[in-house]
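Here is a short briefing for a first look at this protein. Start with the sequence and the model below.

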Amino acid sequence: NVTYFWFFNDTSGNSNLSDMRSFNVTDLILPLYNLSRQNVSSPKSNEMVNFSVNISDNFKLKGYIFSINLTGNFFNSSFTYTEGTLKHISNETRITASDNVNITWFFIFNDTFDNLNVTNLTSFNIADNTTPLYNNTFKNQTTVPENTLINFSSIFTDDVALNTMVF
């Protein structure tokens, strides 16, 4: 808020004051961000991940919310107040989604004039953490004479895709 008035006088020493007037200064410049990142590029289920970004404003920052989609719906953290014109903000989250699920996250932040900005949506897939399985491993004979053909048979499965099998 800026308040002003005029003081004036003449050469005879007579003076006067104008009425006091005021106006509010409005900031229309959005706060900015850069270096949006996460500390683990391909996290596994139940791993802790730190998401962070640098935010700045020409006047004064107010706060931020972190938003992440772990289950098909976005979950927002509580609003966290901050101040200053430059801030490194972060949120540490345990990844509770299953293997191979796509996760998306972003930050929402504003300044004291409630100019709002949002980081780009960033996505990654939960790493495959499931060991391939096998069953029904058997041979067609229990005692094998020399120079006899043996039939080995197994079933291998994986929740994503099998890559290599070595016998």
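For the charge count, Lys and Arg are taken as positive and Asp and Glu as negative, while His and the chain ends are left out. On that basis the protein has 8 positive and 14 negative charges, and their mean positions are 4 Å apart. Keep in mind that this is a predicted model.

**Overall build**

- The protein has 15 strands and zero helices.
- Its radius of gyration is 32 Å, well over the 15 Å that the globule rule gives for 167 residues, so the protein is more spread out than a compact globule.
- Along the principal axes, the C-alpha atoms fill a box of roughly 130 × 25 × 20 Å.
- Of the 167 residues, 25% are buried.
- About 11900 Å² of the protein is exposed, and carbon and sulfur atoms supply 52% of that area.
- Among contacts with a separation of 6 or more, 56% join residues 24 or more positions apart.

**The largest nonpolar core**

- This core has 19 residues.
- Which members touch the most other members? They are Phe-51, Ile-68, Ile-95, Ile-103, Trp-105, Phe-107 and Phe-124.
- Strand 6 (48–56), strand 7 (61–69) and strand 11 (102–111) are the elements that give two or more residues to the core.
- Phe-124 has contacts beyond its neighbours within four places in sequence, and these include Phe-51, Ile-95, Ile-103 and Trp-105.
- Phe-124 also touches Gln-38, Ser-41, Pro-43, Val-101 and Asn-102.

**Ile-103, in strand 11**

- Ile-103 lies in strand 11.
- Is Ile-103 buried or exposed? Its relative accessible area is 0%, so Ile-103 is buried.
- Leaving aside neighbours within four places in sequence, Ile-103 is in contact with Ile-68, Asn-69, Leu-70 and Ala-97, among others.
- The list for Ile-103 also includes Thr-122, Ser-123, Phe-124 and Ile-126.
- Ile-103 and Leu-70 are 33 residues apart in sequence, yet their C-alpha atoms are 5.7 Å apart in space.

**Ser-52, in strand 6**

- Ser-52 is found in strand 6.
- With a relative accessible area of 7%, Ser-52 falls under the 20% cut-off, so Ser-52 counts as buried.
- What does Ser-52 touch, not counting residues up to four places away in sequence? One group is Leu-35, Ser-36 and Arg-37. Another is His-88, Ile-89 and Ser-90. Trp-105 and Phe-107 are also on the list.

**The loop between strand 5 and strand 6**

- Ser-45 has its place in this loop, and so does Asn-46.
- Ser-45 and Ala-97 are 52 residues apart in sequence, with C-alpha atoms 5.9 Å apart.
- Beyond its neighbours within four places in sequence, Ser-45 is in contact with Ile-95, Thr-96, Ala-97, Ser-98, Asp-99 and Ile-126.
- Asn-46 is at 49% relative accessibility, so Asn-46 counts as partly exposed.

**Positive phi angles**

- Most residues other than glycine have a negative phi.
- Asn-46 is not a glycine, yet its phi is positive, at about 75°.
- Asn-100 is not a glycine either, and its positive phi is about 65°.
- Where is Asn-100? Asn-100 lies in the loop between strand 10 (86–94) and strand 11.
- At 37% relative accessibility, Asn-100 counts as partly exposed.

**Val-25, in a loop**

- Val-25 sits in the loop between strand 4 (21–23) and strand 5 (32–38).
- Val-25 has 48% relative accessibility, so Val-25 counts as partly exposed.
- Not counting residues up to four places away in sequence, Val-25 touches Val-2 and Phe-113.
- The C-alpha atoms of Val-25 and Asn-1 are separated by 6.1 Å, although these residues are 24 apart along the chain.

Conventions: Residues numbered from 1 in each chain as written. Predicted model: local features only at pLDDT ≥ 70, side-chain atom pairs only at ≥ 80, totals over all residues. Heavy atoms only, no water. Helix = DSSP H or I, 4+ residues; strand = E, 2+ residues; numbered from the N terminus. Rg over C-alpha atoms; globule rule 2.2 N^0.38 Å. Buried < 20%, exposed > 50% of the residue type's maximum accessible area, 1.4 Å probe, protein only. Contact = heavy atoms within 4.5 Å. Areas by Shrake-Rupley, 256 points an atom, 1.4 Å probe, with all protein chains shown as cover. Charge placed at Lys NZ, Arg CZ, Asp CG, Glu CD. Core = buried A, V, L, I, M, F, W, Y, C linked by side-chain atoms within 4.5 Å.
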